[in-house]
Amino acid sequence: MTKHEFLTRLQTALSALPREEAQKTIDYYAEIIDDAVEDGGEEAAVIANLGSIDDIAEKIIHDTPAREFTLENIKKRNWNAVTLTLLALGSPIWIALLLAAAVVVFSLYVSVWAIVFSLFATTAALALSGVIFLVASPFLLPAAALKAMLLFGMALVSAGAAIFLFYLSTYCTKQLVRLTGFICRKIKHFFMKQGGASDEMQ
């Protein structure tokens, strides 16, 4: 593969990126290839060592903040006077609706995290209770063996429940982090698609 072919395919793979970001990447890899060739490397071998174009594009797109796609989409749209007037007149309604929806979604998200944190707090309380029961049981052993055995049993139950809740809390945390990443990726892909659609319309 030649340098021209590589850069052309890379530019196509980065078509969802904002133009400035894509051009920075193209210039960066063009400079890498030129420097390696000047040092005596074979152009085809240098390009082969750079890796797959799809892998390069995927990494760059993944590392690009979603706000860059949002700003690019705003720049690409042709806002005429009628559209701007309608948006201005309807702003009290759609802004309020957007804020309300954002507050509801954020509240649900915070509530889920609150449940996870409460699970960890319960785990810590059970673990502490188990330690207290375990430490207290020997002191009752001479005078009240039954109570000492009862405290020892409660210590085991508390320890078992704490272990179970710890694994449950850890699992919930991992799933919530994955869900957060999934939502962020979906938002980014939405803006990427919007950017691609704007390019096609132009």
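Does Val131 count as buried, partly exposed or exposed, and at what relative accessibility? What follows answers this for a predicted model, in which Val131 counts as partly exposed because its relative accessibility is 48%.Val131 lies in helix H6, which spans residues 81-140. Together with Val135 and Phe139, Val131 forms a nonpolar patch on the surface, and the three residues have about 330 Å² of accessible area together.

The chain as a whole is helical in its assigned elements: there are seven helices and zero strands. Read along the sequence, the pattern is α-α-α-α-α-α-α. Of the 202 residues in the chain, 23% are buried. The chain exposes about 14100 Å², and carbon and sulfur atoms supply 70% of that area. Among contacts between residues at least 6 apart in sequence, 72% join residues at least 24 apart.

Helix H1 is a convenient place to begin. H1 covers residues 3-13, and its buried residues are Phe6, Leu7 and Leu10. These residues lie on the same side of H1, because they cover an arc of only 90° around the axis. The spacing fits a general rule: an α-helix has 3.6 residues a turn, so residues three or four places apart point the same way. The face of H1 turned away from the buried side carries the exposed residues His4 and Thr12.

The buried side of H1 leads to the largest nonpolar core. This core has 15 residues, of which Phe6, Leu7, Leu10, Leu14, Tyr29 and Ile56 touch the most other members. The elements that give two or more residues to the core are H1, H2, helix H3 (43-49) and helix H4 (53-63). H2 gives the most, with five residues. Phe6 shows what such contacts look like for one residue: not counting residues up to four places away in sequence, Phe6 touches Met1, Tyr29, Ile33, Ile47, Leu50, Ile53 and Ile56.

Helix H2, residues 19-38, also holds Thr25. Thr25 is buried because its relative accessible area is 11%, under the 20% limit for that class. Leaving aside neighbours within four places in sequence, Thr25 is in contact with Leu10, Leu14 and Ile60.

H1 and H2 are also linked by charge. Side chains of opposite charge can pair when their charged atoms come close. A search of the whole structure finds one salt bridge. Asp34 forms a salt bridge with Lys3, and the closest N and O atoms are 2.8 Å apart. Asp34 lies in helix H2 and Lys3 in helix H1, so the pair ties together parts that are 31 residues apart in sequence. Asp34 counts as partly exposed, at 31% relative accessibility. Lys3 is likewise partly exposed, with a relative accessible area of 22%.

The last stop is in helix H7, residues 145-201, where Ser158 is found. Ser158 counts as buried because its relative accessibility is 9%. Leaving aside neighbours within four places in sequence, Ser158 is in contact with Leu126, Ser129, Gly130 and Phe133.

Technical notes
Residues are numbered from 1 along each chain as its sequence is written. This is a predicted model: local features need pLDDT of at least 70, side-chain atom pairs count only at pLDDT 80 or more; totals for chains, interfaces and linings use all residues. Side-chain values use heavy atoms; hydrogens and water are left out. Buried means under 20% relative accessible area, exposed over 50%, partly exposed in between (1.4 Å probe, protein chains only). Helices (H or I, at least four residues) and strands (E, at least two) are DSSP runs, numbered from the N terminus. The arc is that of the directions from the helix axis to the C-beta atoms. Patches are made of residues with over 30% relative accessible area and no salt bridge: like charges are joined within 9 Å, nonpolar side chains (Val, Leu, Ile, Met, Phe, Trp, Tyr) within 5 Å. Accessible areas come from the Shrake-Rupley method with a 1.4 Å probe; for residues, only the protein chains shown count as cover. A salt bridge is a side-chain nitrogen of Lys or Arg within 4 Å of a carboxyl oxygen of Asp or Glu. Contact means heavy atoms within 4.5 Å. A nonpolar core is a set of buried Ala, Val, Leu, Ile, Met, Phe, Trp, Tyr and Cys residues joined through side-chain atoms within 4.5 Å.
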